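Let's take a friendly look at how charged side chains pair up in this protein. Please open the structure and follow along.

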Amino acid sequence: MNEPNPFLDPARQRELYGHASRLAGRTSALMRAKTAGRPVPEAIVSLVQTHHGKPDRLGVVLDIGCGRGTSSLVIAEQLRPQRVVSLDAAPSLLAQARERAKDLPDSTVDFVEGDFHDLPLPDRSSDVVVAAFCLYHSPHPEDVVAQIARVLAPGGLAVLVTKGLDSYQEMDQLVASAGLDPRAAQHESLYTAAHSGNLADLAASSLDVIAVLDEEHVFTFDGHDHTAQYLATNPKYDLAPGLYGNPGALAATLHEFLPDQPLTTRSRITFVVAQPKEGGGPA
């Protein structure tokens, strides 16, 4: 029997996001490796500017699964809405997001702890709703989309973002070749619940889809030390005791079993832009 998907296991989610430093380390290593693909927060802003009827006069923008606040900050600075509501379930991530936003006007961004299955906003209250790299944490992402439809104002816009099922498969091959997890390539994708292949259908369950964009993002890690910084908190693999969360030990194992060389890996990033269905109102 396959092990539970870590992204759908509440206990694993608390482990993954209980300390902001874990996500920060993994994200930092990935972004340092990036060689192709637009920065996602800027891409989201561009999509809003292209598809929203009044992108320069936005009221509330809801950023679901805001994490450490990167997208929220870009949205606040570049779109300048009256208010950004940044929602996440992890208190540690919200604490870091608040710290990163301390130079913004106090009234610009509100960081709110909450469950995206029950958004703490009134019906038709948001001009824009963003859900980037978070829907795959729900066993029923269509329920989250229904909540997005409920809070979208008439004329509002939703921007949903996810990854392809086969993202970072070159990483799987490296982990297996080094003996870190011989079954690395057999594990279920972390993104099974909401991925590039089903995101548009998920959106269409409660919204009208108006645009779908796919982009290939390419990442080149400069060697085992760099790769280990990403792998150390990647929950996909069954690592030996003492390796998870320990990039130094992981790097040492990679050096022991494989020649040190750069690793290039890829991910398909999918953006779905949608609006309330004709007639408006909660779905």
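A residue counts as buried under 20% relative accessible area, as exposed over 50%, and as partly exposed in between. Arginine 268, with a relative accessible area of 39%, is therefore partly exposed. Keep in mind that this is a predicted model.

Arginine 268 has a partner: aspartate 214 forms a salt bridge with arginine 268, and their closest N and O atoms are 3.5 Å apart. Because aspartate 214 sits in strand E7 (residues 207-221) and arginine 268 in strand E8 (residues 263-276), the pair ties together parts that are 54 residues apart in sequence. Aspartate 214 is partly exposed as well, at 44% relative accessible area.

How many salt bridges are there by this rule? The count comes to 12. Three of these pairs are set out here.

| Acidic residue | Basic residue | Closest N to O |
|---|---|---|
| Aspartate 110 | Arginine 83 | 2.6 Å |
| Glutamate 99 | Lysine 102 | 2.8 Å |
| Aspartate 214 | Arginine 268 | 3.5 Å |

Which parts does the salt bridge of aspartate 110 and arginine 83 tie together? Aspartate 110 belongs to strand E4 (residues 109-113) and arginine 83 to strand E3 (residues 83-88), so the bridge joins parts 27 residues apart in sequence. Aspartate 110 is partly exposed at 26% relative accessibility, and arginine 83 is partly exposed at 34%.

In the pair of glutamate 99 and lysine 102, glutamate 99 is partly exposed with a relative accessible area of 45%, whereas lysine 102 counts as exposed at 54%.

Finally, a network of salt bridges links Glu170, Glu216 and Arg266.

Conventions:
Residues are numbered from 1 along each chain as its sequence is written. This is a predicted model: local features need pLDDT of at least 70, side-chain atom pairs count only at pLDDT 80 or more; totals for chains, interfaces and linings use all residues. Side-chain values use heavy atoms; hydrogens and water are left out. A salt bridge is a side-chain nitrogen of Lys or Arg within 4 Å of a carboxyl oxygen of Asp or Glu. Helices (H or I, at least four residues) and strands (E, at least two) are DSSP runs, numbered from the N terminus. Buried means under 20% relative accessible area, exposed over 50%, partly exposed in between (1.4 Å probe, protein chains only).
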